[in-house]
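Reader: I've got a structure to look at over coffee. Could you walk me through it, question by question?

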Amino acid sequence: MTTPPELRAPVVHIEPHGYAFDAPASLSILEAAAFAHVRLPRSCRNGTCRTCLCKVVAGRVSYRVEWPGLSREEKDEGWILPCVAIAETDLVLTAPEAEPIEPSSAPPRSGSARRF
Ligand code: FES
């Protein structure tokens, strides 16, 4: 039995690599990618530097911030900032610079947090 789309987290597909991961509303697309061991370009993580800029091929997003660093024309063309964008529907994104995050071979140190 398949879960109806309205009861599951949106799925984000990253092209041209074919990565796919769940993107619940509690996470930005950038955070959801990191949890799935996919690294997207990023720097400020607050919607201002535009390092994470990528294009939506299909689907819809909303934003955590009122004024993400995009012009109206860029939004209309499908450009998004995944560091502050939330997947509203299943998405297909073009992000050629996405890459897998290799798991560390070193054992985690006691008391340290793991960052992506
Ligand atoms: S990481 Fe700076 S705008 Fe997304």
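**Hairpin, sheet and core**

Author: Happy to, and let's start at a hairpin: Ile 14 has Tyr 19 in β2 as its bridge partner. Keep in mind that this is a predicted model.

Reader: Which strand carries Ile 14, and in what sense do β1 and β2 pair?
Author: Ile 14 lies along β1, together with Val 12. Val 12 stands opposite Phe 21 in β2. Over four bridges, the sense of the β1 and β2 pairing is antiparallel.

Reader: Which residue in the turn of that hairpin has a positive phi?
Author: Three residues sit between β1 and β2 in the hairpin. One residue in the turn has a positive phi of about 85°, and that's Gly 18.

Reader: Which side chains of β1 point to the buried face?
Author: In a regular strand, side chains alternate between the two faces of the sheet. Along β1, Val 11, His 13 and Glu 15 point to one face and aren't buried. The side chains on the other face, which are buried, belong to Val 12 and Ile 14.

Reader: So is Val 11 exposed or partly exposed?
Author: Val 11 sits in strand β1. Its count is 17 other C-beta atoms within 10 Å. Buried would take 20 or more, and exposed 12 or fewer, so Val 11 comes out as partly exposed.

Reader: How far apart in space are Val 11 and Asp 90?
Author: Leaving aside neighbours within four places in sequence, Val 11 is in contact with Ala 20, Asp 22 and Asp 90. Val 11 and Asp 90 are 79 residues apart in sequence. C-alpha to C-alpha, the distance in space is 4.7 Å.

Reader: Which strand pairs with β1 in the parallel sense?
Author: Look at Val 12 again: its bridge partner there is Leu 91. The parallel pairing runs over four bridges, and the strand that joins β1 this way is β8.

Reader: And in what sense do β4 and β8 pair?
Author: Val 56 has Leu 93 in β8 as its bridge partner. Strand β4 covers residues 54-58, and its three bridges to β8 are antiparallel.

Reader: Which residues make up the covered face of β8?
Author: Strand β8 spans residues 91-94, with Val 92 and Thr 94 on the uncovered face. That leaves the covered face to Leu 91 and Leu 93.

Reader: Which strands stand at the edges of the sheet?
Author: Five strands form an open sheet with mixed pairing, in the order β2-β1-β8-β4-β6. Each edge strand has a single partner, so one side of each is left without a neighbour in the sheet. The strands at the edges are β2 (19-22) and β6 (79-80).

Reader: Which element gives the largest share of the largest nonpolar core?
Author: This core has 24 residues, and those with the most contacts inside it include Val 12, Ile 29, Ala 85 and Leu 93. The elements giving two or more residues to the core are β1, α1 (29-35), β4, β7 (85-87) and β8. With four residues, the largest share comes from α1.

Reader: What does Ala 85 touch, not counting residues up to four places away in sequence?
Author: Ala 85 is among the core residues with the most contacts. Its own list of residues touched is Ser 28, Ile 29, Val 61, Tyr 63 and Ile 80.

Reader: How many C-beta atoms lie within 10 Å of Arg 64?
Author: Arg 64 is in the loop between β5 (61-63) and α2 (72-77). Not counting residues up to four places away in sequence, Arg 64 touches Ser 28, Val 84 and Ile 86. Arg 64 is partly exposed, because exposed would take 12 or fewer other C-beta atoms within 10 Å and the count here is 13.

Reader: Where does pLDDT stay under 50?
Author: For the protein, the mean pLDDT is 88, and 88% of residues reach 70 or more. Where pLDDT is low, the predicted coordinates should not be read in detail. The stretch under 50, for which the model has three contacts beyond four places in sequence, is residues 110-116.

How values were computed:
Residues are numbered from 1 along each chain as its sequence is written. This is a predicted model: local features need pLDDT of at least 70, side-chain atom pairs count only at pLDDT 80 or more; totals for chains, interfaces and linings use all residues. Two strands pair if DSSP finds at least two bridges between them. A nonpolar core is a set of buried Ala, Val, Leu, Ile, Met, Phe, Trp, Tyr and Cys residues joined through C-beta atoms within 7 Å. Two residues are in contact if their C-beta atoms, placed from the backbone, lie within 7 Å. pLDDT is the predictor's confidence in each residue, from 0 to 100.
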